[in-house]
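Here is a short briefing on one protein chain. It covers the fold, the surface and the internal space.

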Amino acid sequence: MTRARKLFPVYGSALANNMLVALVHDRIVGRVVAGYVAEHDRRGILGGPARDRELAETMGREILLAMIVEVHEVLPVFFGKKQKSKLNNEEKEAIDAFSRELLDALVRAQNWNGEDRQQFRRDLALYSDFSARQEMMANARKRGKSPEEEAPFIARIALLLDPSMLEEARRAARKFYGDVERLAQKLLRKTLQPDRT
């Protein structure tokens, strides 16, 4: 299978690199914070270089978590499938290998100690569980029987961004979440189909 071969684990490393480059080169966190500060006149949330580093590191981590989950959600498309349940065993194994290498490459690049790695994996499990619940609840929501649950990313980013104006921060985080999902999809396409970007 051509696409299964293409999703070689090395592409997981390449995607990890592309994610980290986008975070640093595109100054994603800095642009989001600056946009929020300008829109809401919240210069008071800025705290100088130490606060900027803390936000870049902590929000960057949340961005990586959200991107990993989004990538896992859209990988079946590269096999011509809309749903993970439609994948055959070879395709599932290729996605699992790709996902393991993506995570391992991020951990290596970030130079996290054992505790940091464990915490990242716990948080990734939280994000993944949310994504799985959303998938299961989609049909119930179509029938109007279940309200949509808010992604962990939104609450976490809002608290980091501006806990004293939480509703405004949540709105900004919701919009940002969509941007992060689109960025993850773009980076995945760039990694797996470089000739089509």
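The points below go from the overall make-up to the cavity and its lining.

This is a predicted model. The chain has eight helices and zero strands. One cavity of 30 Å³ or more turns up in the count.

**Fold**
- Read from the N terminus, the order of elements is α-α-α-α-α-α-α-α.
- The chain holds 197 residues, and 41% of them are buried.
- Take the contacts between residues at least 6 apart in sequence: 71% of these link residues at least 24 apart.

**Surface**
- The chain exposes an accessible surface of about 11,400 Å².
- Carbon and sulfur atoms account for 51% of that surface.

**Cavity**
- How much space lies in the largest cavity? The volume is about 40 Å³.
- Two elements, α4 (49–74) and α6 (114–142), each give two or more residues to the lining of this cavity.
- Ala 66 and Val 69 are among the lining residues, and their numbers fall within the span of α4 (49–74).
- Tyr 127 and Phe 130 also line the cavity, with numbers inside the span of α6 (114–142).
- The rest of the lining consists of Ala 151, Pro 152 and Tyr 177.

**Lining chemistry**
- Which classes do the lining residues fall into: nonpolar, polar or charged? Seven are nonpolar.
- No polar and no charged residue belongs to the lining of the largest cavity.
- Tyr counts as nonpolar in this scheme, so Tyr 127 and Tyr 177 sit in the nonpolar group.

How values were computed
Residues numbered from 1 in each chain as written. Predicted model: local features only at pLDDT ≥ 70, side-chain atom pairs only at ≥ 80, totals over all residues. Heavy atoms only, no water. 1 Å grid on protein atoms, 1.4 Å probe; cavity = no way out; pocket = protein on both sides within 12 Å on 5 of 7 lines; lining within 4 Å. Points joined across faces, edges and corners; volume = space filled by probe spheres on them. Helix = DSSP H or I, 4+ residues; strand = E, 2+ residues; numbered from the N terminus. Buried < 20%, exposed > 50% of the residue type's maximum accessible area, 1.4 Å probe, protein only. Contact = heavy atoms within 4.5 Å. Areas by Shrake-Rupley, 256 points an atom, 1.4 Å probe, with all protein chains shown as cover.
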